[in-house]
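Trainee: I've got a model open and I'd like to go through its charged pairs and cysteines. Can you walk me through them?

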Amino acid sequence: MPEKNALCLSFPQKNIAVLTFDMPDKGANILSATVLDELESHLDELENQRDLAGLIIISGKPGTFIAGADIREFVTSLQATEDHIVAMCRRGQTLFRRLSTFPCVTVAAIDGICVGGGAELAIWCDRRILSSRTSTEYGFPEVKLGLYPGWGGTARTPRVIGLSNAVEMITSGDSIDPQTAQKNGLAADVVAPEQLMPAALSLVQEEELTKRYLKDRETWSGTINISETELGFLGVTASAHIRNQTKGKYPAPEAALELMLSGTNVDIEAACQLEAEGMTALFGSPINASLLNIFFLTDRNKKDSGIDENGVEAQDANQVSVIGAGIMGAGIVAAHLKCRIPILMTDTNEAALQSSASAIIKEISYNKQTKSHDVQRAIGLSPLLNLTMSDAEVSRSDLVIEAIVEDAGIKKELYARLEPLMRDDAILMSNTSTIPIGTLAADLVHPDRFVGMHFFNPVRQMKLVEVIRGEKTSDNAVATAVAHAKRIGKSPIVVNDGPGFLVNRVLLPYMHEALELLSEHVAVEDIERAAKSFGMPMGPLTLYDVVGIDTALYAGRTMWEAYPDRVVASPILIGMLKAERLGQKSGLGFFSYQGNKKRGIPDPGLAKFLEPYMGEARQFTKDELTYRLFLPMLLEATRVLEEEIVRDARDVDLGLIFGLGFPPFKGGLLFWADTIGAANIVELLKPFKHLGERMKPTPLLLEMAKDGRCFYQ
Ligand code: NAI
């Protein structure tokens, strides 16, 4: 008999049963195997009860209905046989399906998050009522784990809300809000959270009288009424949209689409069977394993305070100043305003302050839902923004984020002026992308209250923030930076001070290798294709053009000064700088941007330009090109681990996914390396021995190869 502790049965009225999910000691309800057993025994008991008018399923945790299946159980089943996978799906389907054939009407009363397995449980109920709480969301995010809903979600949802709505929800993995749920027929009603139970009770009474749910039961258990023409049109348009989004790298959305299309002509039982059988192609696949890893990386990051000591609390940060109204300053300010945090922005240049202010207002007025600018939104948020050219105002700030020009001298001069004005407990942060935190902190009276806070460009898109701990930075400053970054919706990782910190350090060897390949006569398009087919969002040469050759050279200087044995300034970049081929910004880089400022086209003059830099021609296979690009990146990551730049190897993977767009379906750089194995990587490096230090296995890699160790234990 399973331990009964997640569900509680009560009878607010004699003939209405309420099952309340409330897992003890957990912030959210999760559908583990034990919880399913518990649900089953309650259903067994209730099914035998005569004269029940309704069963209501609700959560005892305000703001969370059910947060999904227990993903840790998935991981332990990754090696499961096909029969076992089918059985896992059938188990959930059969159990939840009982809610659609129960002796009385079943109602899910949903307040807060209702996703994954929770959304499947609720979709099998006859009716759903959602609370109007802003955090209430309903969704099937399984495709984000390389799966689709396998407890009947793909079979039942199209029957309840229509095929087109179901395709959109399930293939995108995006949640919908209560209003959309009501519009598409998923929610029978939307009410205030405190009205949820009364509304569910009266719905039960109403359904008991009208018996409308019985009619729906009949309709939803059969085939789906849709014409061949409609089906064909939906299939073609949805498939094109999915291909465009996934670039063919993520099979789950397409599998879900095909499944839902083929499930239209059969009854619900056969549709469930198809769903269970189709799952065998996805569950346990390398992509599923990689995406599960991303889930755990993200989950760990959310819980990580950034420090290893217990008992260090982050400081409250309600008054924030940003110094420097450039590209980064404006992005940082907008991120705060979107979270309704009052913010002060200063700059020595009035014109910069004004033009950033209008860029900020434009950004914060954008409404993602309507995809348009919303003046009311801007009017609501703009009083939180205070612009000034005076330093004096920082005296009230809890946090001061410096985002001025990348010049150590100018930054230090600014700090000398600011520090005496700042409160004794205020923290100073720098958005420097290259200057060591130790250098910037050298003349500070309170270097313990100074920390790096490296946002990525564009701030509105990039989730990553590197929180850089200088030698003298206090735990309190680190914890405050981490908590604050999370508060404005970012994913911070803590790194120790060092050249290039984490992301730029690991990026540079990869970028540099692209130039080496060019000088070995590899065509531009072959280099770009190798990176993109690996899954990078853009090729390295395009990235040079986007970043700007001058900026790339500047950032690279930190690395070649620190590691001259393996990193050198590429003569190609120096030549490009001289020729003013600066990339997108000058209209010409590795590509030409004459016609279209954003999208480069091949430059017929590039070959001639590169002639003086050409070395010996070599032939490369596709795999060799991939390894030439990505093994230097991996080797650098092993050096980062050797030097303990990060606190945990998992930070490398998350940092590169969020900071560089490293392909999530590979699970992270180190996760990908584990799929090859350290010993095999050492073998793969052997043919590149002639390239010297930059392709030499590091002591850590050799040790791992010898011991058969992985980065993820
Ligand atoms: P930017 O050149 O767009 O803006 C710098 C702003 O600082 C200008 O408006 C300038 O008037 C102002 N400024 C200069 N000296 C000042 C002073 N003493 N007091 C007040 N304001 C002053 O520069 P951007 O790109 O916004 O970069 C700012 C910082 O962020 C730099 O440290 C940079 O390395 C870093 N960063 C830049 C990234 C990028 O992609 N642009 C990415 C990540 C970090």
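Trainee: Which residue meets the side chain of R469 in a salt bridge?

Mentor: Keep in mind that this is a predicted model. Side chains of opposite charge can pair when their charged atoms come close. Here the N to O distance is 2.7 Å, well inside the rule of within 4 Å, and the partner of R469 is D475.

Trainee: Is R469 buried or exposed?

Mentor: The cut-off for buried is under 20% relative accessible area. R469 comes in at 19%, while its partner D475, at 23%, counts as partly exposed. So by that cut-off R469 is buried.

Trainee: What parts of the chain does the pair of E363 and K338 tie together?

Mentor: Their side chains meet in a salt bridge, 2.6 Å from N to O. E363 lies in residues 350-365 and K338 in residues 327-338, so the bridge ties together parts that are 25 residues apart in sequence. The two parts are helix α15 and helix α14.

Trainee: Which category of accessibility does K338 fall into?

Mentor: Buried stops under 20% and exposed starts over 50%, with partly exposed in between. E363 has a relative accessible area of 19%, which makes it buried. K338 has 35%, so it counts as partly exposed.

Trainee: How many residues apart are R639 and E636?

Mentor: These two form a salt bridge, with the closest N and O atoms 2.6 Å apart. Both sit in helix α26, residues 622-642. Their spacing is about one turn of the helix, that is, 3 residues.

Trainee: What is the relative accessible area of E636?

Mentor: Both ends of this bridge count as buried: R639 at 8%, and E636 too. The value for E636 is 1%.

Trainee: Which residues do salt bridges that share partners join into one network?

Mentor: Some bridges link up through shared partners. On the acidic side the network has E513, E516 and E520. Joined with them are R618, R628 and R694.

Trainee: How many salt bridges does the structure hold?

Mentor: We've gone through a few, including R469 with D475 and R639 with E636. The count for the structure is 50.

Trainee: And how many disulfides does the count come to?

Mentor: A disulfide is a covalent bond between the sulfur atoms of two cysteines. Cysteines are there, among them C339, partly exposed at 32%, and C710, partly exposed at 31%. Pairs need their sulfur atoms within 2.5 Å, and by this rule the disulfide count is 0.

Conventions:
Residues numbered from 1 in each chain as written. Predicted model: local features only at pLDDT ≥ 70, side-chain atom pairs only at ≥ 80, totals over all residues. Heavy atoms only, no water. Helix = DSSP H or I, 4+ residues; strand = E, 2+ residues; numbered from the N terminus. Buried < 20%, exposed > 50% of the residue type's maximum accessible area, 1.4 Å probe, protein only.
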